[in-house]
Amino acid sequence: LNAQGAAATVFFQWLNQSYNIALNHANRNASNTLSNGAIVEAYGAAVATSCGVALGLGRAVKAATRRFPRAARAAQLLTPYTAVATAGAANVFLMRRNELQLGIDVKDESGRVRGKSPAAGLRAVSQVAISRAV
């Protein structure tokens with residue numbers, strides 16, 4: 001990656017993660033709150049993950065181009081998706097970590113809260129991460 005390509009990569013990864021953090025915050029489980037500091041921390045980690053994966057894969061693909069030109073071209077096409085999907089999953093887990101730690105409300109058929117379940121939180125967050133990657 002040249003400097004211009006790296007700057008564009010960082011910009012677009014930042015833009016995507018800014019959108020993701022807003023989406024994840026808006027769609028979080030309302031029974032769990034997250035402090036502003038935790039939101040900023042999750043945002044920074046997601047942006048760093050996204051940029052790191054995109055730039056790292058970009059460099060690896062560039063280095064592999066001479067030895068494996070066809071495979072490198074395919075990898076080059078998949079690099080942005082891989083970076084976005086990886087960082088998107090990290091973003092979901094970071095933004096919704098309270099659901100993993102504290103659990104989410106479990107309700108009965110009539111809508112009464114019967115307790116909190118970390119296992120249900122893990123299942124919910126995992127399903128969101130997978131669906132966003134797909």
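**Helix packing in a predicted model**

Asn 24 is found in helix α1, which covers residues 3-26, and offers a convenient way into this predicted model. At 1% relative accessibility, Asn 24 falls under the 20% limit and therefore counts as buried. Its contacts, leaving aside residues up to four places away in sequence, are Asn 91, Val 92, Met 95 and Arg 132. With Met 95, the separation along the sequence is 71 residues, whereas the C-alpha atoms of Asn 24 and Met 95 lie 6.6 Å apart in space. Two of the residues touched by Asn 24, Asn 91 and Met 95, return below in the contact of α2 with α3. Val 92 and Arg 132, also touched by Asn 24, take part in the contact of α3 with α5.

It helps to place these helices in the whole chain. The protein chain has five helices and two strands, and their order along the sequence is α-α-α-α-β-β-α. The C-alpha trace spans about 60 × 30 × 20 Å along its principal axes. The radius of gyration of the protein chain is 18 Å, while a compact globule of 134 residues would have one near 14 Å. Buried residues account for 31% of the 134 residues. Of the contacts between residues at least 6 apart in sequence, 68% join residues at least 24 apart.

The pairing of α2 with α3 comes next. Helix α2 (residues 36-64) packs with α3 at an angle of about 165°, and their axes are 8 Å apart. This angle is over 145 degrees, so α2 and α3 are roughly antiparallel to each other. Their crossing is right-handed. On the α2 side, the residues in contact include Ile 39, Ala 42, Val 53, Leu 57 and Ala 64; those they meet in α3 include Ala 72, Ala 75, Thr 79, Asn 91, Leu 94 and Met 95. By residue class, this contact divides into 16 nonpolar, eight polar and no charged residues.

Two residues of α2 deserve a closer look. Ala 64 has its place in helix α2 and is partly exposed, with a relative accessible area of 26%. Ala 64 and Ala 75 are eleven residues apart in sequence, and their C-alpha atoms are 9.5 Å apart. Val 47 also lies in helix α2, but with a relative accessible area of 15% this residue is buried. Not counting residues up to four places away in sequence, Val 47 touches Trp 14 and Gln 17. Val 47 and Trp 14 are 33 residues apart in sequence, yet 5.6 Å apart from C-alpha to C-alpha.

Helix α3 (residues 69-95) also meets helix α5 (residues 118-133): their axes come within 9 Å and cross at roughly 160°. Here too the angle is over 145 degrees, and α3 and α5 are therefore roughly antiparallel to each other. α3 passes α5 in a right-handed crossing. Tyr 81, Ala 85, Ala 89, Val 92 and Phe 93 are the α3 residues in this contact, and they meet Leu 122, Val 125, Ser 126, Val 128, Ala 129, Arg 132 and Ala 133 in α5. The contact divides into ten nonpolar residues, one polar and one charged.

Note on methods. Residues numbered from 1 in each chain as written. Predicted model: local features only at pLDDT ≥ 70, side-chain atom pairs only at ≥ 80, totals over all residues. Heavy atoms only, no water. Axes fitted to C-alpha atoms, helices over the stretch in contact; angles between N-to-C directions. Helix = DSSP H or I, 4+ residues; strand = E, 2+ residues; numbered from the N terminus. Parallel < 35°, antiparallel > 145°, perpendicular 65-115°, else oblique. Left-handed = near helix turned anticlockwise from the far one by under 90°. Contact = heavy atoms within 4.5 Å. Nonpolar A, V, L, I, M, F, W, Y, C, P; charged D, E, K, R; others polar. Rg over C-alpha atoms; globule rule 2.2 N^0.38 Å. Buried < 20%, exposed > 50% of the residue type's maximum accessible area, 1.4 Å probe, protein only.
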